[in-house]
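User: Hi! I'm new to reading protein structures, and I'd like to learn how to read a few features. Could you walk me through them with an example?

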Amino acid sequence: MEFVRTLRKYPLVQGDDFIRRVLTLAIPMILQQMLTSAVNLLDNLMVGQLGDITLSAVAAGNKFIMIGFFAIFGVTAASGVYISQFHGAGEKGRIQESFRFSLLASTLIASLFVVLGIAFPREIAHFFAPDPALGDVLETYLPLAVLSFLPQIYSLNAQTAMRTLGRTTPPLFLSMLAVVGNACFNYVFIFGHLGAPALGAKGAALGTLLARLLEFVATYFVVRRFHFDFYAPLTQIFQIPSVLAKAISLKALPLVINEIGFASGMALLFKFYATRGTEVMAAMTIMTTTSELFFVLFSGLSVATTVVVGHALGANQLEEARSNAYRLFKLALVLSLFFASLMFLSSYIVPNFYDVSPQVKAMAGFFLRIYSVFYVFYTINGMGYQIMRSGGDMRTTMLMDSGFSWCVNLPIVGLAAYLTDWPIQILFLLGQCTDILKGFVTARLLPKETWVRNLSAEVDAVDPYLEELQL
């Protein structure tokens, strides 16, 4: 198989500092995501104390928010590809322009989801399950929760740019501030401590909003204080060359479509599983929040891929980029075995901390064990996606991500959900089995190396006078 032969050409251990460099980049992001996931788990446990219905309603609202977040992520990821390669090419002005484009595009997307979340909370609840109780809870939670998009836009863009430039420590501490603040605010407003009213689900939304405001203030201060390469006064926000805006838009559009397609597909998949009862929604929420503790590996390796592959491509060191990509892939496979084992063990422990029914606890544990078994396939697919994205191959990433989800995974699970009476355990296992097929698709596409491209040189070739427009 071509993919296996290609991997064998690039030994993981070559007597250099590659692994140390990757871990230096990845560990801060892994710690950041681990802390975020741990606090999310704590928040989830707090909401879980309010009962199955509240936990399910908040989960439904968060699925809607996830679609908006992933759409914004598509913009920041596409801009990050250019920021990374422009950094490798030493073009500071272009880094600033790419960042400003990302900030504007993210604001437009976030505004749409804020309006929808405020105007249609009951309709969103009804999409997932026709239970009036879900609508009652979501009507108090979602309109406030979606407002957190507004302060988060700047924080997300700035922290993504920091990591893309190889500065992974500042985002770690900023994220720590946000998640700890979120946990404290939720504790106060969900249960009514320190003289505050007990607001329940609405308190969870308020806690998240206050934490995002705190994160925004801290992030803006750090960016101003340390003058990152992407920093420029907000008065220059609209100063973006049309050539660069077009280039990023062409890369961002398929990625945004992909992210919206993927996130909406996950929401639809959640709806399919929910046909087996609202208890399944609660169990899925426990499974998702717990599994995030172990999927932090992908976040860390995503940052490392952007830096060690993207920077090399931008510097036109194509063979080095190729070598780094395949060695990263091997390292990811090794690490995946460790994280999968931890996830398997957690399935017997974490669900028991929730104040939910024994049936929900049993389902959540089962879902986690299935996730751990398929972890290596998630790694293959995730790393293939990150590597191809680092070179700007957005069409292929869309094909293997949201395209595969909508053409294979969703039809299979949807048909089984509505045409059979199979229990949720069989339905969930069926959904995960499609990742095996996706793994073979990834192994087929990655060695074609359509991602081995220097995007910074391509933009310069389109507009040789762009330097005159730089600040």
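Analyst: Happy to! Let's start with a pair of residues in a helix: Arg322 and Glu319 are three residues apart in helix H14, so about one helical turn separates them. Keep in mind that this is a predicted model.

User: Why does a spacing of three residues matter in a helix?

Analyst: An α-helix has 3.6 residues a turn, so residues three or four places apart point the same way. In our case, the side chains of Arg322 and Glu319 meet in a salt bridge, with 2.6 Å from N to O. Arg322 counts as buried because its relative accessibility is 17%, under the 20% cut-off. Glu319, at 44%, is partly exposed.

User: What lets two such side chains pair up?

Analyst: Side chains of opposite charge can pair when their charged atoms come close. Helix H9 (residues 201–226) offers another example: Arg212 and Glu215 lie three residues apart there, about one turn of the helix. Their side chains form a salt bridge with an N to O distance of 2.8 Å. Arg212 is partly exposed, with a relative accessible area of 24%, whereas Glu215 is buried at 5%.

User: How many salt bridges are there in this model?

Analyst: The count comes to five. One of them pairs Arg122 with Glu139, whose closest N and O atoms are 3.2 Å apart. This pair links distant parts of the chain: Arg122 sits in helix H5 (residues 121–128) and Glu139 in helix H6 (residues 132–145), 17 residues apart. Arg122 is partly exposed at 34% relative accessibility, and Glu139 is partly exposed at 39%.

User: You mentioned helix H9. How many residues does H9 have, and what comes after it?

Analyst: H9 has 26 residues and reaches 38 Å from its first C-alpha to its last, close to the 38 Å expected at 1.5 Å a residue. After H9 comes His227, with a positive phi near 45°.

User: What sign of phi should I expect in general?

Analyst: Most residues other than glycine have a negative phi. That makes a positive value worth a look. Leu194 is not a glycine, yet its phi is positive, about 55°. You'll find Leu194 in the loop between helix H8 (169–191) and H9, and it is exposed, at 81% relative accessibility. Glu449 also is not a glycine and has a positive phi, about 60°; its place is the loop between helix H18 (424–445) and helix H19 (455–462).

User: Now for the inside. Which residues have the most contacts in the largest nonpolar core?

Analyst: Those are Phe230, Tyr273, Leu328, Tyr375 and Trp451, in a core of 155 residues. Helix H3 (residues 52–89) gives the largest share of this core, with 18 residues. To see one member up close, look at Leu328: leaving out residues up to four places away in sequence, Leu328 touches Phe18, Val22, Leu301, Ala304, Thr305, Val308, Val309 and Met383.

User: And which residues make the nonpolar patch on the surface?

Analyst: Phe338, Leu342, Phe344, Leu345, Tyr348, Ile349 and Phe353 make a nonpolar surface patch of about 730 Å². Take Phe353 as your landmark: it lies in the loop between helix H14 (318–346) and helix H15 (358–373). Phe353 counts as exposed because its relative accessible area is 54%, and exposed means over 50%.

User: Thanks, that gives me plenty to look for!

Definitions and conventions
Residues are numbered from 1 along each chain as its sequence is written. This is a predicted model: local features need pLDDT of at least 70, side-chain atom pairs count only at pLDDT 80 or more; totals for chains, interfaces and linings use all residues. Side-chain values use heavy atoms; hydrogens and water are left out. Patches are made of residues with over 30% relative accessible area and no salt bridge: like charges are joined within 9 Å, nonpolar side chains (Val, Leu, Ile, Met, Phe, Trp, Tyr) within 5 Å. Accessible areas come from the Shrake-Rupley method with a 1.4 Å probe; for residues, only the protein chains shown count as cover. A salt bridge is a side-chain nitrogen of Lys or Arg within 4 Å of a carboxyl oxygen of Asp or Glu. Helices (H or I, at least four residues) and strands (E, at least two) are DSSP runs, numbered from the N terminus. Buried means under 20% relative accessible area, exposed over 50%, partly exposed in between (1.4 Å probe, protein chains only). The expected span of a helix is 1.5 Å times one less than its number of residues. A nonpolar core is a set of buried Ala, Val, Leu, Ile, Met, Phe, Trp, Tyr and Cys residues joined through side-chain atoms within 4.5 Å. Contact means heavy atoms within 4.5 Å.
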